[in-house]
Amino acid sequence: MQLSEVFWNAPLGDLKRGYIEEPAYFMCLLCGKSIEKGIVYQDNGVFFEAERYMLQHIENTHQSVFDYMIDLDKKLTGLTDHQNRLLRLFYEGKSDAVVQKEMGIGSASTIRNHRFVLKEKERQAKLFLTMMELLKERDNHAPAFIDYHKTARMVDDRYNVTEEENEKILNKFFPEGIKGPLKSFPPKEKQRLIVLRALSKRFVDDQIYEEKEVNQLLKEVYHDYVLLRRYLIEYGFLDRKADGSQYWLKK
């Protein structure tokens, strides 16, 4: 199961703390790093047991679960830019008067009204989640959708893909199987997304690739490897240094 699937399927409590517990290890939901149980870890001269070291990892690598999530695309969080800014300031512990001054809007009472609106959004979210859980128990006709990756840069209708549709498109463009060559690069954006998602699975987590390594890997898939490389970055599957010297699987 891909990291994005684990992330979206995680219970609220696990999302809040930023990691899940498996029998032999703890796994960070934000980047996929695993911390094996039964081992003592050292960080800056301090020793930690596995779970405490996972908390240390989240703090060192991601600052906090809140900081990681607030930086996700607004199509994923459902927040406007204005709400995003307000939440950041509230999380920093700023008073309403300070928030009003930093944002240069209205008055302290205006900020309190924004707090009320956010609280309403929270209540609505709780009710919606509850209804969706109840719906799952009764809706026998709902198609199985493919979870979109949380590093997606443009979330729109092209991500409306069922498992059946996903399988059909992969069979069409990878007639020899998803580990084989690409027959042609799809003309439609939804098809491209499905193909690029499959291609991203050929890259290894936490591995840094030089540009020539990326090119070689993609050449084995399709003759226009530059096109594939560009779209993998554009769709948020790969990231790279500004000078293009190194690439890695985006998390």
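This report walks through the confidence, a packed helix, a surface patch and some salt bridges of one protein chain.

## How confident is the model?

What you see is a predicted model. Across the protein chain the pLDDT averages 89, and 94% of the residues score at least 70. Confidence isn't even along the chain, though: helix α1 (residues 3-9) has the lowest mean, 79, while strand β1 (residues 19-21) has the highest, 96.

## Helix α12 and its neighbours

Take a look at helix α12, which covers residues 225-234. Its buried residues are L227, L228, R229, Y231, L232 and I233. What do they pack against? They sit against two helices, α10 (189-200) and α11 (211-219), and two strands, β7 (238-240) and β8 (246-249).

Just after α12 you'll find G236, whose phi is positive, at about 85°.

## A nonpolar patch on the surface

Now for the outside. L127, F128, M131, M132 and L135 make a nonpolar surface patch of about 500 Å². One of these residues, L127, belongs to helix α8 (residues 108-138). L127 counts as exposed because its relative accessible area is 56%, and the cut-off for exposed is over 50%.

## Salt bridges between parts of the chain

The model has 15 salt bridges. One of them joins D71 and R88, with the closest N and O atoms 2.6 Å apart. This pair links distant parts of the chain: D71 is in the loop between α4 (65-70) and α5 (74-77), R88 is in helix α6 (residues 81-91), and they are 17 residues apart. D71 is exposed, at 55% relative accessibility, whereas R88 is partly exposed, at 25%.

Another salt bridge brings together the side chains of R115 and D96, at 2.7 Å from N to O. Here too distant parts of the chain are linked, with R115 in helix α8 and D96 in helix α7 (residues 96-103), 19 residues apart. Is D96 buried or exposed? D96 is buried, because its relative accessible area is 15% and buried means under 20%. Its partner R115 is partly exposed, at 35%.

## A salt bridge within one helix

K119 and E122 also form a salt bridge, with their closest N and O atoms 3.0 Å apart. Both lie in helix α8, three residues apart, which is about one turn of the helix. Why does that spacing matter? An α-helix has 3.6 residues a turn, so residues three or four places apart point the same way. K119 is partly exposed, at 39% relative accessibility, and E122 is partly exposed too, at 34%.

Finally, salt bridges that share partners tie R85, E92, K94 and E102 into one network.

Terms used
Residues are numbered from 1 along each chain as its sequence is written. This is a predicted model: local features need pLDDT of at least 70, side-chain atom pairs count only at pLDDT 80 or more; totals for chains, interfaces and linings use all residues. Side-chain values use heavy atoms; hydrogens and water are left out. pLDDT is the predictor's confidence in each residue, from 0 to 100. Helices (H or I, at least four residues) and strands (E, at least two) are DSSP runs, numbered from the N terminus. Buried means under 20% relative accessible area, exposed over 50%, partly exposed in between (1.4 Å probe, protein chains only). Contact means heavy atoms within 4.5 Å. Patches are made of residues with over 30% relative accessible area and no salt bridge: like charges are joined within 9 Å, nonpolar side chains (Val, Leu, Ile, Met, Phe, Trp, Tyr) within 5 Å. Accessible areas come from the Shrake-Rupley method with a 1.4 Å probe; for residues, only the protein chains shown count as cover. A salt bridge is a side-chain nitrogen of Lys or Arg within 4 Å of a carboxyl oxygen of Asp or Glu.
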